[in-house]
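Welcome, and please load the model in your viewer with a cartoon representation. We will go from one selection to the next and look at what is there.

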Amino acid sequence: MEPHEGFGLPVEPFPKTFSYHGDDDDAVSTATASDMKPRILIMGLRRSGKSSIQKVVFHKMSPNETLFLEITSKIFKDDVSNTSFINFQIWDIPGQIDFLDSTFDLDMIFGGTGALIFVVDAQDDYMEALTCLHQAVSKAFRINPQIRFEIFIHKVDGLSDDHKIETQRDISQRANEELHEASLIDLHLSFHLTSIYDHSIFEAFSKVVQKLIPQHSTLENLLSSFVQNSGIEKTFLFDVVSKIYIATDGSPVDMQSYELCCEMIDVMLDMTCIYGDDAEDATTQDSTCIIRLNNSNILYLREVTRFLVVVCIVRDDAFTKRGIIDYNILLLKKAIHEVFDVRPRHGKQNGHLHPEMRNNLMQASLPAHA
Ligand SMILES: Nc1nc2c(ncn2[C@@H]2O[C@H](COP(=O)(O)OP(=O)(O)OP(=O)(O)O)[C@@H](O)[C@H]2O)c(=O)[nH]1
């Protein structure tokens with residue numbers, strides 16, 4: 001099954017030559033070919049929820065099934081690129097990793113890492129987790145200062161809204177104070193409140209992945225231009241299998257809209273699995289799905305590649321101009337294919353929309369929105 005052959009031009013998930021170290025590959029030179037893929041590490045104490053996060057986001061495991069997951073005893077490398085647009089590896093690091101143990105090649109582990117997710121169980125006493133967090137991030141930062149550090153304050157489904165905010169404030173203050181005392185002032189931590197029992201884990205993972213996509217700001221510009229010229233309220237570019245949104249337009253994301261779009265993808269995939277033609281993949285046929293909501297909005301889903309769909313929220317009066325929207329979606333697809341065809345080494349992304357793409361979109365704009 002070749003990735004992204006479903007629509008027109010071939011598209012690579014991430015450019016294969018892409019490295020998070022610019023042109024310097026020394027840090028990963030000892031790794032094997034499959035280890036060369038950009039990598040996200042998930043770390044944290046035992047039973048903090050690392051394997052559950054990975055199974056729920058990338059393997060469609062239902063949250064309740066995670067109750068029966070066994071303890072991870074060695075590093076689990078999960079290559080998600082066969083089923084997902086996201087061409088990288090997720091490494092689940094066992095809770096009991098000992099940084100002084102020479103059997104762990106830390107230079108290799110942290111050298112090729114794009115992001116380190118550290119999971120803190122918010123339903124447990126988190127003091128030990130904070131000590132481990134400090135050890136992990138300071139070690140990783142000294143080996144590879146390019147790593148993004150993402151702290152998932154996890155299992156917040158058991159906490160009230162006030163308690164969530166208070167927990168985040170306390171954890172971020174303690175973690176940053178420790179870094180300050182260790183003079184690691186350039187080490188930046190990002191915090192996310194997460195749970196596998198709602199969409200917060202998908203939202204947080206989306207944010208992590210977006211920071212690792214070199215083309216992200218170009219995509220965001222492209223989607224903003226698309227929205228403005230099509231009379232659309234909000235649009236997301238989704239990796240279908242993981243429901244991670246690769247990009248959205250520049251307007252703020254509200255969780256309810258994101259959840260609605262995720263649920264639409266679930267409905268489409270479930271229907272396709274149950275009633276679809278077995279010979280065809282869920283999204284090989286330029287799939288389209290429209291759901292009219294009871295609040296005068298319409299959810300409009302269109303395939304971009306085999307693994308990517310664009311989901312739009314449109315007011316029903318704007319949807320009467322569907323021809324314009326469809327025309328703009330055609331241009332959007334073409335532009336997205338072009339964006340991912342650009343390899344950073346040979347032509348670095350500058351984060352701006354190519355003028356040709358912008359002009360094409362303008363041609364399709366409604367007079368009212370032009
Ligand atoms: N309430 C709640 N429980 C969760 C959440 N995520 C995971 N869990 C539970 O936490 C327990 C431990 O989850 P695992 O994913 O096995 O934890 P782990 O960090 O991989 O554990 P090790 O393999 O020992 O490193 C399981 O019973 C999960 O069901 C969550 O968001 N909320």
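At roughly what angle do the axes of helix H6 and helix H8 cross? Before you check, bear in mind that this is a predicted model.

**Stop 1: H6 and H8**

Select residues 216–230 for H6 and residues 322–341 for H8. Their axes cross at roughly 170° and come within 10 Å. Since angles over 145 degrees count as roughly antiparallel, H6 is therefore roughly antiparallel to H8. Now show side chains. On the H6 side, the contact is made by Thr-218, Leu-219, Leu-222, Phe-226, Asn-229 and Ser-230. H8 answers with Ile-324, Ile-325, Asn-328, Leu-332, Ala-335 and Val-339. Colour these residues by class and you get eight nonpolar, four polar and no charged in the contact of H6 with H8.

**Stop 2: the five-stranded sheet**

Next, bring up the open sheet of five strands, whose order is S8-S7-S11-S10-S9 with antiparallel pairing. To find its edges, select 244–248 for strand S8 and 288–292 for strand S9; each of these pairs on one side only. Direction ignored, neighbouring strands in this sheet are turned by 20° against each other on average.

Zoom in on strand S10, residues 297–303, and strand S11, residues 308–315. The two run antiparallel and are joined by seven bridges. Pick Glu-303 and look for its bridge partner in S11, which is Val-309.

Which helix lies across strand S7, S9, S10 and S11? Select residues 255–275 and you have helix H7, running at about 55° to S10. The strand S7 that it crosses spans 234–239.

**Stop 3: the six-stranded sheet**

Move on to the open sheet of six strands, with the order S2-S3-S1-S4-S5-S6 and mixed pairing. Strand S2 (76–79) and strand S6 (189–194) stand at its edges; each has a single partner strand, so one side of each has no neighbour in the sheet. From one strand to the next, the twist averages 20°.

Select S2 together with strand S3, residues 89–92. Four bridges pair them in the antiparallel sense. One pair to click on is Phe-76 and its bridge partner in S3, Asp-92.

Now add helix H1, residues 50–59, which packs on this sheet. H1 touches strand S1 (39–44), S2, S3 and strand S4 (113–121), and its direction makes about 155° with that of S3. Then add helix H3, residues 127–143, which lies across S1, S4 and strand S5 (148–154). H3 runs at about 170° to S4.

**Stop 4: H3 and H4**

Keep H3 on screen and select helix H4, residues 161–181. The axes of H3 and H4 are 10 Å apart, and the helices pack at an angle of about 40°. That angle makes H3 oblique to H4, and their crossing is right-handed. For the contact residues, show Leu-130, Leu-133 and His-134 on H3, then Ile-171, Arg-174, Ala-175 and Glu-178 on H4. By class, the contact of H3 with H4 holds four nonpolar, one polar and two charged residues.

**Stop 5: H1 and H5**

How do the axes of H1 and H5 cross, and within what distance do they come? They cross at roughly 85° and come within 10 Å, which means that H1 is roughly perpendicular to H5. Display Ile-53, Val-56 and Val-57 of H1 with Ile-201, Phe-202 and Phe-205 of H5, the residues that make this contact. The class count for the contact of H1 with H5 is six nonpolar, no polar and no charged.

**Stop 6: the two domains**

Finally, colour the chain by its domain assignment: domain 1 is 26–211 and domain 2 is 214–363. The contact between them takes 13 residues from domain 1 and 15 residues from domain 2.

Which elements each supply at least two residues of the side of domain 1 that touches domain 2? H1 and helix H5 (200–212) do. The largest share of that side comes from H5, with six residues. Colour the side of domain 1 that touches domain 2 by class, and its residues divide into seven nonpolar, five polar and one charged.

Methods
Residues are numbered from 1 along each chain as its sequence is written. This is a predicted model: local features need pLDDT of at least 70, side-chain atom pairs count only at pLDDT 80 or more; totals for chains, interfaces and linings use all residues. Two strands pair if DSSP finds at least two bridges between them. Axes are lines fitted to C-alpha atoms, for helices over the stretch in contact, and angles run from 0 to 180 degrees between N-to-C directions. Two residues are in contact if their C-beta atoms, placed from the backbone, lie within 7 Å. Angles under 35 degrees count as roughly parallel, over 145 as roughly antiparallel, 65 to 115 as roughly perpendicular and the rest as oblique. A crossing is left-handed if the near helix is turned anticlockwise from the far one by less than a right angle, and right-handed if clockwise. Ala, Val, Leu, Ile, Met, Phe, Trp, Tyr, Cys and Pro count as nonpolar, Asp, Glu, Lys and Arg as charged, and the others, Gly among them, as polar. Domain bounds come from an automatic or database domain assignment.
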